[in-house]
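Good morning, and thank you for joining. Please look at the sequence and the structure as they appear, and I shall then take you through two regions.

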Amino acid sequence: MGEAVRDACIIEGSAVREWADVADVLVVGFGMAGACAAIEARACGASVLVVECSGGGTGTTAAASGHFYLGGGTPVQRACGFEDSAQEMARYLEAVALEPDRDKIHAYCEGSVEHFNWLEAQGIPFERSYYPHKNVIQPGKECLIWTGNEEVWPYREMAKPAPRGHKVAFDGEEGGGALALRILAQSAEAAGVRVFAYGKVDALVHEHGRIVGVRVRRFGETFFLRANEGVVLATGGFGQNPEMVAEHVPVLSTAYVQGGPHDDGLGIRMGVAAGGVALHMGQPFLTSPFYPPEDLLKGILVNGAGQRFVAEDSYHSRSSIAATRQPDGRVYLIVDASIFAYPRFAELTNQRLIDGFETIAEMEAGLGLDAGTLQATMDAYNAHAAQGEDPAFHKHPKWLKPLTDGPYAAFDLSFGQAVYTGFTLGGLKVSPDAQVLDAQGEAIPGLYAAGACASNIAQDSDGYASGTCLGEASFFGRRAGRHCAALRDGVGGSKPLD
Ligand SMILES: Cc1cc2nc3c(=O)[nH]c(=O)nc-3n(C[C@H](O)[C@H](O)[C@H](O)COP(=O)(O)OP(=O)(O)OC[C@H]3O[C@@H](n4cnc5c(N)ncnc54)[C@H](O)[C@@H]3O)c2cc1C
């Protein structure tokens, strides 16, 4: 981060002539993280002002399906007969993380049941029901679903698997995030949180070694807002900033990037300008799901050499990111007649049926594969599947069946041909209390970050589980609000800014 960016994003308090408003805690962004930070800071007795650059409800949370990744024995897990514990949940998250932050993972898992209860107490509805099929998002209001790699090898041997995706009770594949956000916004405003709408924060104000406020632009006017205790950045990711995407996570340049229109990474840049560091900026969430229907998991994914490269029962972003790593991005889903179906999202993802073939030799010719390559893969796969085994990738036995019922079909899942969608996962390095940390791991006084502008549980596509983004945005958003509000009582404290 150059001097120019620091100059643009950091203003000295001595330069501020007039403060337009003041609050104990200033929250920037009214998505999942911001709403939870605001509610919790207010519950601690702090005055809270949220600055939101839209009229509200336009961030990525509003586009989210509505999964929260929670466990350790939530009321839903217990009602549906699933045993889980904070220890097993933590074991899984540590195993699957790119760079596990044990303190944060343990805080998240140990606080998970309380957090579920808190979300429900705000009014977010969750049914006591279980959706048993492998799917991207359950179509109805059923709550509990498997949304990660808990049953995928090697994780099923490293931690006792349990389903932890909790969907907001909402009919349909989209809208659960928007419903949850509407409820949280009402809860925040009822608690006395004030909202400064249509205000874009573009700089932090620094004074005597602390962040003490923000600069806001609204309809051509400039305001300064003062924070007695601190500023919580909850501004979302950077997927809508093509320069940042090209610099940090170029694989997304070939994908359809989803997310709120204000995902311009400014929150991250302001945090870095204040002395913070950004982590995992090169890691996207990326997917082109080839299931449901779940029987398609019994097919195999092969690359341009006719070879498998991933356990097909992996969570869809894990198999998708593996697909992008294949030579020339060439990937095919191979099925036989007994499991043939179009992938549910084929129209959105352009996963085109290449053709049906009477024999594997014909399929090799049709796909332009070297003769004998796919045949060898299928011979080995089928021989082991008949024994309920998959020594190459350890696909779970429940998804194993020999692919011997011709004719055979191939769908084109090639990266660049099929549509892959995604968003950014990198963000500011933060403590378990959401304090923005510098390169030495010291907290920057008065500065917090949560949600997609911070780096916490969701770190990469290989280890992603649906619900970890909303889960961590709400969980660590609350911790940001609590910690910042507690500074009023003289709790906290950290090293002054240079
Ligand atoms: C299609 C889709 C479905 C998803 N489904 C799920 C799911 O089911 N479960 C899950 O865990 N994750 C899901 N995710 C990811 C998840 O939605 C996001 O990671 C999460 O909502 C981020 O929340 P946030 O509060 O950090 O950001 P946002 O919800 O994006 O909120 C940020 C807010 O800050 C405002 N803002 C930005 N910059 C400024 C500024 N400079 N000044 C003032 N305001 C500003 C924005 O307008 C916005 O309102 C999904 C993502 C997508 C794209």
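Around the ligand in this predicted model there are 35 residues, and the closest are Glu 52, Thr 60, Thr 61, Ala 452 and Leu 470. By class, this shell comprises 15 nonpolar, 17 polar and 3 charged residues.

Which elements supply at least two residues each to the shell? They are helix H2 (32-43), strand S3 (48-52), helix H3 (60-63), strand S8 (200-207) and helix H16 (468-486).

Let me turn to the backbone contacts of the ligand. A polar backbone atom of Ser 65 lies 3.1 Å from a nitrogen atom of the ligand. On the oxygen side, a polar backbone atom of Cys 469 is 3.1 Å from an oxygen atom of the ligand, and a backbone N or O atom of Leu 470 is 2.6 Å from an oxygen atom of the ligand. How much of the ligand does the protein bury? Taken alone, the ligand exposes 1000 Å², and 95% of that is buried by the protein.

The second region is a pair of helices. Helix H5, residues 86-96, and helix H6, residues 102-110, have axes that come within 9 Å and cross at roughly 145 degrees. This crossing of H5 and H6 is right-handed. From H5, the contact involves Ala 86, Met 89, Ala 90, Leu 93 and Glu 94; from H6, it involves Arg 102, Ile 105, His 106, Tyr 108, Cys 109 and Glu 110. Sorted by class, the contact of H5 with H6 has 7 nonpolar, 1 polar and 3 charged residues.

Thank you for your attention.

How values were computed
Residues numbered from 1 in each chain as written. Predicted model: local features only at pLDDT ≥ 70, side-chain atom pairs only at ≥ 80, totals over all residues. Heavy atoms only, no water. Near = heavy atom within 4 Å. Polar contact = N/O pair within 3.5 Å; in protein donor to acceptor, adjacent residues only side chain to side chain. Areas by Shrake-Rupley, 256 points an atom, 1.4 Å probe, with all protein chains shown as cover. Helix = DSSP H or I, 4+ residues; strand = E, 2+ residues; numbered from the N terminus. Nonpolar A, V, L, I, M, F, W, Y, C, P; charged D, E, K, R; others polar. Axes fitted to C-alpha atoms, helices over the stretch in contact; angles between N-to-C directions. Left-handed = near helix turned anticlockwise from the far one by under 90°. Contact = heavy atoms within 4.5 Å.
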